[in-house]
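Student: Please take a close look at one part of this protein, the open sheet and what packs against it. I would like a connected account that also places that part within the rest of the chain.

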Amino acid sequence: MNLISIAHKFPTQESCIEHLEAVRWPENASCPHCGSDRVRRKKENDRVGRWNCHDCTNSFNVLQGTIFQGTQIPLQKWFLAVALMVNAKKSLSSCQLARDLGMNQGSCWSMMRRIREAMASEERHFLRGIVEADECYIGGKPRKRNKRDDDGDPPKRGRGTKKTAVIGAVERGGKVVARVAHDLSGKGIMKFIKNAVDTAETVLVTDELNAYKPLDSIMARLSVNHQERYVDGDVHTNTVEGFWSHLKRAWYGQHHHYSKPYTPLYVAEACWKYNRRERDDGFEGFIKGVFA
């Protein structure tokens, strides 16, 4: 759904709440506190969309327990922010969103953090078939022209760099799972693969990093030596490399810096978009996911 469609479909706060209620409660409303369906809409002039529960006596609205709970920002702007983010293939900066919505940058950054947290909570996939696994490194400072770090050493690329490591696995023609990697030893990679891949029904394709070798004891694995070639028939890691390019383009083109505590959210955003790359219902899919 594009911005013009959203502006026409949701012109008021009431229309936004009505849509969210239809998504969350397609049949009958229920209390998010106790689960009771003995609820009734509360009649108030200044507070739209309030409900009362006759069992636990709590008052609530459709935003309870979601990223929209407690917000003072109009839902129309939330909807526009979601649409802008899900439609931005290379992501979006908080400064750009602030200009688009006429808001301050801090508020927009907070909105985007909540949206990314919702995207991260949705990403629960188990891969099978032909799956490619690899790592990448994001962040850091631009390379110096003299190709030397401040301490006089040549800058390192790839493994051994000071950048943030990310490990990922991609099902060919399917979905991706990626996480910030705190441990790229054999034990750490084994844990990631077991949580992301159906080892019994998967052929894993990797490079020749020694840390992948322990996986040979639990699943079928093929490897390609990148010092000799990048493709050997069907043995390659080009699919996962394509995902890394999307992740890095967001960093280079929009964000320029990821603080370590929030890097997992940017990775989750890239995964969420990649896994829905062939769908055109990004906005509706996100709104439904908020209540999943």
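Tutor: What follows starts with the whole chain, turns to the sheet and its helices, and ends with the salt bridges and two backbone details.

The model is predicted. The protein contains nine helices and ten strands, and its C-alpha trace spans about 70 × 50 × 30 Å along the principal axes. Of the 292 residues, 46% are buried. Contacts between residues at least 6 apart in sequence join residues at least 24 apart in 64% of cases. The exposed area comes to about 16100 Å², with 47% of it supplied by carbon and sulfur atoms.

The sheet you asked about is open and has five strands, in the order β6-β5-β4-β7-β8, with mixed pairing. Its edges are β6 (176-180) and β8 (220-223), each of which pairs on one side only. From one strand to the next, the twist averages 25 degrees. At the β8 edge, strand β7 (residues 197-206) runs parallel to β8 and is joined to β8 by four bridges. Within this part of the sheet, Thr206 stands opposite Ser223 of β8.

Two helices should be considered together with the sheet. Helix α6 (residues 186-196) lies across β4, β5 (164-171), β6 and β7, and runs at about 125 degrees to β7. Helix α7 (residues 238-255) also packs on the sheet, where α7 touches β4, β5 and β6. The direction of α7 makes about 40 degrees with that of β4.

The side of α6 that is out of reach of solvent can be listed by residue. Gly188, Ile189, Met190, Phe192, Ile193 and Ala196 are the buried residues of α6. These buried residues pack against β4, β5, β6 and β7. As background, an α-helix has 3.6 residues a turn, so residues three or four places apart point the same way.

Strand β4 deserves a separate look. β4 covers residues 127-138 and includes Ile130. With a relative accessibility of 38%, Ile130 counts as partly exposed. Together with Val203 and Leu222, Ile130 makes a nonpolar surface patch of about 210 Å². Another residue of β4, Glu132, counts as buried because its relative accessibility is 0%. Glu132 forms a salt bridge with Arg172, in which the closest N and O atoms are 2.6 Å apart. Arg172 is in the loop between β5 and β6, so this pair links parts of the chain 40 residues apart. At 23% relative accessibility, Arg172 counts as partly exposed, whereas Glu132 is buried.

The Arg172 pair is one of several charged contacts. A search of the whole structure finds 13 salt bridges. Among them is the pair of Arg38 and Asp55, with the closest N and O atoms 2.4 Å apart. Arg38 lies in the loop between α2 (13-24) and β1 (39-41), and Asp55 in the loop between β2 (51-53) and β3 (59-60), so the pair ties together parts 17 residues apart in sequence. Both ends count as partly exposed, Arg38 at 43% relative accessibility and Asp55 at 44%.

A further salt bridge joins Arg276 to Glu122, the closest N and O atoms being 3.1 Å apart. Arg276 sits in the loop between α8 (263-274) and α9 (282-290), while Glu122 belongs to helix α5 (residues 105-122). These distant parts of the chain are 154 residues apart. Arg276 and Glu122 are both buried. Elsewhere, Arg116, Glu269 and Lys273 are linked in a network of salt bridges.

Two backbone values remain. Most residues other than glycine have a negative phi. Ser91 has a positive phi, near 70 degrees, and is placed in the loop between α3 (75-87) and α4 (94-101). Ser91 is buried, with a relative accessible area of 7%. His256 likewise has a positive phi, near 65 degrees, and its place is the loop between α7 and α8. At 48% relative accessibility, His256 counts as partly exposed.

How values were computed:
Residues numbered from 1 in each chain as written. Predicted model: local features only at pLDDT ≥ 70, side-chain atom pairs only at ≥ 80, totals over all residues. Heavy atoms only, no water. Patch = residues over 30% accessible without salt bridge, like charges linked within 9 Å, V, L, I, M, F, W, Y side chains within 5 Å. Areas by Shrake-Rupley, 256 points an atom, 1.4 Å probe, with all protein chains shown as cover. Salt bridge = Lys/Arg side-chain N within 4 Å of Asp/Glu carboxyl O. Buried < 20%, exposed > 50% of the residue type's maximum accessible area, 1.4 Å probe, protein only. Pairing = 2+ DSSP bridges. Axes fitted to C-alpha atoms, helices over the stretch in contact; angles between N-to-C directions. Contact = heavy atoms within 4.5 Å.
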